[in-house]
Amino acid sequence: MTVHAQLKDGNRSGYMLSYLDTLAMIERLHRLLLDVIKDEFERLGVLEINAVQALLLFNIGENEVTAGELRSRGYYQGSNVSYNLKKLVESGYMHHERCTIDRRSVRVRLTPRGRELRQMVADLFARQAEQIEERHTVSLDGFEHMTTGLRRIERFWSDQIRYIY
């Protein structure tokens with residue numbers, strides 16, 4: 001029996017159940033997003049890069065950042081950033097160079113090939129946004145409400161981490 005099911009059986013508060021439903025939905029949506037990108041790349045014949053790496057390229061965009069900034073700016077959420085950066089550099093999607101001021105720091109930016117791939121992801125997202133609008137799947141107001149709620153959760157969690165002691 002899952003923790004979620006145990007809580008339902010234990011007649012926990014509606015807040016707790018809603019919170020757990022939201023957590024599960026966030027996890028599922030992230031996995032589905034990666035699957036959507038993976039399927040698009042398979043359709044286009046792009047097989048040398050995975051969905052996590054493609055999303056990283058999309059998030060970096062035209063910026064030049066250090067590896068450490070990838071997480072702090074929200075461009076990358078995973079724990080194996082070094083591995084993915086290495087693969088992107090080896091595949092020719094990303095350029096990296098040591099910072100002249102701090103030799104320990106590496107700055108990264110997309111190559112022309114990386115920008116092409118980023119555009120593929122941007123085109124996918126644009127197509128999906130158009131379809132969501134055409135089908136009235138979620139209204140603009142609905143997106144704004146979801147984003148507001150998720151930002152509040154993000155701020156709550158950040159505060160939990162920041163002020164733990």
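Buried means under 20% relative accessible area, exposed means over 50%, and partly exposed is in between (1.4 Å probe, protein chains only). The model used in these exercises is predicted, so local features need pLDDT of at least 70 and side-chain atom pairs count only at pLDDT 80 or more, while totals for chains, interfaces and linings use all residues. Residues are numbered from 1 along each chain as its sequence is written, and side-chain values use heavy atoms, with hydrogens and water left out.

**Exercise 1. Place Q128 and say whether it is buried, partly exposed or exposed.**

Step 1. Start with the element: Q128 is in helix α6. Helices (H or I, at least four residues) and strands (E, at least two) are DSSP runs, numbered from the N terminus.

Step 2. The relative accessible area of Q128 is 25%, so this residue is partly exposed.

Step 3. Now look at two distances. Between the C-alpha atoms of Q128 and G45 there are 20 Å, with their positions 83 residues apart along the chain. For Y93 and Q128, 35 residues apart along the chain, the C-alpha separation is 24 Å.

**Exercise 2. Find the aromatic pair and classify its geometry.**

Step 1. Searching the whole structure gives one aromatic pair. Its rings belong to F58 and F125, with centres 5.0 Å apart and planes at 85 degrees, so the pair is edge-to-face. The rule covers rings of Phe, Tyr and Trp (its six-membered ring) with centres within 6.5 Å; planes under 30 degrees apart are stacked, over 60 edge-to-face, and the rest tilted.

Step 2. F58 belongs to helix α3 (residues 51–60) and F125 to helix α6 (residues 112–134), so the pair ties together parts that are 67 residues apart in sequence.

Step 3. F125 has 22% relative accessibility and therefore counts as partly exposed.

Step 4. Check F58 for a charge as well: the charged end of R118 sits over its ring, 4.7 Å from the centre. Such a charge needs NZ of Lys or CZ of Arg within 6 Å of the ring centre and within 35 degrees of the ring normal.

**Exercise 3. Describe the surroundings of Y93.**

Step 1. Y93 is in the loop between α5 and β2 (94–98). With 2% relative accessibility, Y93 counts as buried.

Step 2. List its contacts (heavy atoms within 4.5 Å). Leaving out residues up to four places away in sequence, Y93 touches V46, E48, I49, L57, L88, L110, T111, R113, G114 and L117.

Step 3. One of these partners has a further role: R113 lies over the face of Y93, 4.4 Å from the ring centre.

**Exercise 4. Which residues of the largest nonpolar core touch the most other members?**

Step 1. A nonpolar core is a set of buried Ala, Val, Leu, Ile, Met, Phe, Trp, Tyr and Cys residues joined through side-chain atoms within 4.5 Å.

Step 2. The largest one has 27 residues, and F41, I49, L57, L70, M94 and L117 touch the most other members. Two or more residues each come from α2 (14–44), α3, α5 (81–90), β3 (106–110) and α6. The top contributor is α3, with seven residues.

Step 3. Take L70 as a sample: beyond its neighbours within four places in sequence, L70 contacts L56, I60, V65, Y75, Y76, V81 and L85.

**Exercise 5. Compare how N84 and Q53 are placed.**

Step 1. N84 is in helix α5 and Q53 is in helix α3.

Step 2. N84 is buried at 3% relative accessibility, and Q53 is buried with a relative accessible area of 4%.

Step 3. Leaving aside neighbours within four places in sequence, the contacts of N84 are N50, V52, Q53, L56 and Y76. By the same rule, Q53 is in contact with Y83, N84, K87 and L88.

**Exercise 6. Which element gives the largest share of the lining of the largest pocket?**

Step 1. The lining holds 43 residues, with I26, L29, H30, L33 and L150 nearest the pocket centre.

Step 2. Elements giving two or more residues to the lining are α2, α3, α6 and α7. The largest share, twelve residues, comes from α7.

Step 3. On a 1 Å grid over the protein atoms alone, a pocket is an open set of points where a 1.4 Å probe fits, with protein on both sides within 12 Å along at least five of seven lines; lining residues have an atom within 4 Å of a point.
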